[in-house]
Amino acid sequence: MNNIPSVNLADFLSDDPATKDKFVQEIGKAYEEIGFVSLKNHFLDDELVDDLYKNVKDFFALPEATKKKYEIEGGGGQRGYISFGKEHAKGKKEGDLKEFWHFGQEADEDANLIEEYPENVIVNEVPDFNEKGMEAYRMLEKTGIYVLRALALYIGLDEFYFDHWARNGNSILRPIHYPPITEEPKGAVRAGAHGDINLITLLMGASAGGLQVLRKDGEWIDAIPNEDELVINVGDMLERHTNNKLRSTIHRVVNPPKEQWGTARYSIPFFMHPRSDMKLNCLDVCVDENHPKAFEDITAGDFLHQRLVEIGLIKE
């Protein structure tokens, strides 16, 4: 396997049970094997993607002092601006060569959450930034819920098992800017090798290559989606909840060849998190004699806090 498998969400939405099941089996097997797929026929349209990228580029082009006023001290990087080099991969001390922004959940009034999410930060200098960001957030959340429905069926659960936890969940949309590289990076890369924290991650096409996925045999392969496809991967929460049945694969964003150092890269992942009170305990259906329980019981909120400390966004 030299590229990630491609699947078609239209198959899952089909009225034909066999076509729907074909999607369930394809995505489930891909997530057992490599943990990544590219997905066509999602709910994001080209115009929204283009509008969002334009606004994202306009925001990151603002003067450093302007961006810094949107950096929220003590917020664990959960909303607003996070400056260059602040985040690092778990176990690394070199900061990643990126700056980014976080849009978060704006929950329904009747969501009955046990927590209150921080408010999103409004950028005055780029008038459409927040509106386009939250529009994309909603479409990615909708796509993610359908993917989780397929995975619920694959695991052997009720199709709508994840709906309550993922809808109004603590999800994050993260526009990222990897600036041009101006000097030898001294061991730092655009994003160090890591697994994602959340249930699943949905990535809309980045402006340049660089995303690589670690195959089971230890080889790194480029993750290259077709045009108009989202890259979607399993995160650590889902790997944990399924007792390693679905794989949270290590991935990275490598620095470009030296002749392309002058090129900036932009990407916009959507990290789909559940509500904080969701129990990530290994599902009974995924535990048997050959697959004993591999993880201690923990809630999504406690697991997230643990990991934000490990990657440097929360100081303890």
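Helix α8, which spans residues 300-310, supplies the largest share of the lining of the second largest cavity, namely three residues. Keep in mind as you look that this is a predicted model. The full lining of that second largest cavity is made up of Asn170, Met237, His273, Pro274, Ser276, Ala300, Gly301 and Leu304. Its volume comes to about 30 Å³, and the structure has two cavities of 30 Å³ or more. How can such spaces be found? Rolling a probe the size of a water molecule over the atoms shows where empty space is left.

Now turn to helix α7, residues 236-241, where you will find Arg240. Is Arg240 buried or exposed? Arg240 is buried, and yet it has no salt bridge. The nearest side chain of opposite charge belongs to Glu296, and it is 7.2 Å away, whereas a salt bridge needs the charged atoms to be within 4 Å. Setting aside neighbours within four places in sequence, Arg240 is in contact with Leu280, Cys282, Phe295, Glu296, Ile298 and Phe303.

One of those contacts, Cys282, leads us to the cysteines. A disulfide is a covalent bond between the sulfur atoms of two cysteines. How many disulfides does a search of the whole structure find? The search finds zero. Cys282 is in no disulfide, and the nearest cysteine sulfur is that of Cys286. Why is there no bond from Cys286 to Cys282? Their sulfurs are 8.2 Å apart, which is too far for a bond. Cys282 is buried, with a relative accessible area of 9%, and Cys286 is buried as well, with a value of 8%.

Terms used. Residues numbered from 1 in each chain as written. Predicted model: local features only at pLDDT ≥ 70, side-chain atom pairs only at ≥ 80, totals over all residues. Heavy atoms only, no water. Helix = DSSP H or I, 4+ residues; strand = E, 2+ residues; numbered from the N terminus. Buried < 20%, exposed > 50% of the residue type's maximum accessible area, 1.4 Å probe, protein only. Lys, Arg positive; Asp, Glu negative; His and termini not counted. Contact = heavy atoms within 4.5 Å. Disulfide = S-S within 2.5 Å. 1 Å grid on protein atoms, 1.4 Å probe; cavity = no way out; pocket = protein on both sides within 12 Å on 5 of 7 lines; lining within 4 Å. Points joined across faces, edges and corners; volume = space filled by probe spheres on them.
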